[in-house]
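Colleague: Please take a close look at a single part of this model for me. Start with one loop, then work outward through the backbone and the packing.

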Amino acid sequence: MTPRTVAFATLGCRLNQVDTQQLQTMLEGRGFRTVPVDEVADVVVVNTCTVTARAEFSDRQAIRRAARVSPHARLVVTGCWAQTSPGEVARLGEVDLVVGNADKHRLPELLDGLFAARVHVSDIASAPRLDALPAPTARIAGRSRAFLKVQDGCQHRCAFCIVPLARGPSRSLDAGVLLDHARRLVASGHPEIVLTGVDLGHYGSDQVPRTSLAALLRALTEIPGLHWVRLSSILPAYFTPELLEVVTASSRVAPHFHLPLQSGSDRILRRMRRPYDTRLYRKVVDRLAAAVRAPGLGADVIVGFPGETEADFEQTQALVRELPFSYLHVFPYSSRRGTEAARAVDTVDRRTIAGRSGALRDLARRRNLEFRRRLAGGVEEVLVLETRDRESGRLVGLTGNYVEIQFDGADALVGALARVRVTRVEGDRTIGELA
């Protein structure tokens, strides 16, 4: 009997990428064969994002594209948009099944059914504790780096954010399960593991006995064969003395820190209900910059939050100029139904938001260029990624501080560690040669 085929389209954050990998593992364990999303499949799973209005537009595009490629497939929509707006998703003519985030683990049994109910979206607020799925016994296809989901959900209620409604309360995976998972990932050929979660710094606070991200990191750095463990986004308020000591003292923690900023104005941060101010943010960045050589420092910034004035925006630009950022993710404010900010009346007009977004992106490009130019002439250790640069055909290696360096080399280097001398910077490209 020919195995049924399944294709996946994943939108949004790294956590969604991890969730898709886990769904793929589950379905392959039930006999499915995974095919690329641009090939005809029996089942197509679209894992959606809802963080902005633009994200939902992309969700719809992905659903329509999947239906065109596989018109006779059972089309499943899951993820954050499915969780927060199941009725809206179900009304799309192409969709056969809507599965919320709390029900993703039920996907194999739902596919085996007759779709008597088209919508399976449980209350995410009462979602059970997380259960880890078995790590693959072989290297994850197409991935030099492995992503390890250690936590899901968020206990914060920021005024602009719909993620707690989509992901539920903060829930952590057991450290013993995670360490076993990580060992198998390393044994299967992944020298780097990226820790992911919605509210990563909250890891362990919900466990009994209580533990911490610092304790998990310390244990992970002791795994033989693991070269780098990299943190994804983490709020500055979570940088306790213990966590700062671990990330600055261990060479196995990648020198790359993504600290969401959102605004450089304390007034706007209070309106956003963020759990820090610019003084705390500066303090954490200064500590990291003083203790780590050339750390990669990234941030998310929202432009045009309700009530943001020119003075507020200038404070954001000033902070970006002063702190050693290597990159920024700039997001024009997008109102999300169900959030506190959606009820604000002092909104910023779209033209102003677009102008400020453009100005901040220009500043971010200059900061990134300055950072990469400082690497020129030096030798960097890189993990060689799975995909060559399309235009030049060069290999692409990712440094510990999150810079992609292009260089000539053989396919055998893919997935391996290499030492590369940075020779020059050409616009948004960093070029090197094997050292």
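Modeller: What follows begins at that loop and then moves on to cysteines, one strand and helix pairs.

The model is predicted: local features need pLDDT of at least 70, side-chain atom pairs count only at pLDDT 80 or more, and totals for chains, interfaces and linings use all residues. Numbering runs from 1 along each chain as its sequence is written, and side-chain values use heavy atoms, without hydrogens or water.

The loop is the one between α10 and α11, and arginine 274 sits in it. Helices are DSSP runs of H or I with at least four residues, strands are runs of E with at least two, and numbering starts from the N terminus. Is arginine 274 buried or exposed? Arginine 274 counts as buried, at 13% relative accessibility. The cut-offs are under 20% for buried and over 50% for exposed, with partly exposed in between (1.4 Å probe, protein chains only).

What does arginine 274 touch, leaving aside neighbours within four places in sequence? The partners are Cys158, Phe160, Leu235, Pro260, Gln262 and Leu269. Contact means heavy atoms within 4.5 Å. For a long-range distance, take valine 422, 148 residues from arginine 274 along the chain. The C-alpha atoms of arginine 274 and valine 422 are 38 Å apart.

Arginine 273 is found in that loop between α10 and α11 too. Its backbone deserves a look: phi is positive, about 65°, although arginine 273 is not a glycine.

One contact of arginine 274 is Gln262, and glutamine 262 has a positive phi as well, near 75°, in a residue other than glycine. Glutamine 262 lies in the loop between β12 (256-258) and α10 (266-272). Its relative accessible area is 7%, so glutamine 262 is buried.

The backbone has a cis peptide bond as well. Valine 208 and proline 209 are joined by it, with omega about -5°. Proline 209 is in the loop between β10 (192-196) and α8 (213-220).

Now the cysteines. Another contact of arginine 274 is Cys158. How many disulfides does a search of the whole structure find? Zero. A disulfide here is a pair of cysteine sulfur atoms within 2.5 Å. Cysteine 161 is in no disulfide, and its nearest cysteine sulfur belongs to cysteine 158, 6.2 Å away. Cysteine 161 counts as partly exposed, at 23% relative accessibility. Cysteine 80 is in no disulfide either; for cysteine 80 the nearest cysteine sulfur is that of cysteine 49, at 6.4 Å. Cysteine 80 is buried, with a relative accessible area of 10%.

Valine 119 gives a reference point for cysteine 161. Their C-alpha atoms are separated by 24 Å, with their positions 42 residues apart along the chain. Valine 119 lies in strand β6 (residues 119-120). It is partly exposed, at 34% relative accessible area. Not counting residues up to four places away in sequence, valine 119 touches Pro86, Ala90 and Val98.

Next, the helix that follows the loop. The axes of α11 (residues 278-291) and α9 (residues 241-249) come within 10 Å and cross at roughly 30°. Axes are lines fitted to C-alpha atoms, for helices over the stretch in contact, with angles from 0 to 180 degrees between N-to-C directions. α9 and α11 are therefore roughly parallel. Under 35 degrees is roughly parallel, over 145 roughly antiparallel, 65 to 115 roughly perpendicular, and the rest oblique. The crossing of α9 and α11 is right-handed: the near helix is turned clockwise from the far one by less than a right angle, while anticlockwise would be left-handed.

Leu244, Val247 and Thr248 of α9 meet Arg287, Leu288 and Ala291 of α11. These residues divide into four nonpolar, one polar and one charged. Nonpolar means Ala, Val, Leu, Ile, Met, Phe, Trp, Tyr, Cys and Pro; charged means Asp, Glu, Lys and Arg; the others, Gly among them, are polar.

A second pair is α7 (residues 175-187) with α8. Their axes come within 11 Å and cross at roughly 30°. That makes α7 and α8 roughly parallel. Their crossing is right-handed. Ala175, Leu178, Leu179 and Ala182 of α7 meet Leu216, Ala219 and Leu220 of α8. The count is seven nonpolar, no polar and no charged.

The last pair is α12 (residues 310-322) with α13 (residues 350-373). Their axes come within 10 Å and cross at roughly 10°. α12 is thus roughly parallel to α13. The residues in contact include Phe313 and Val320 of α12 and Leu360 and Leu363 of α13. The contact of α12 with α13 divides into five nonpolar, three polar and five charged residues.
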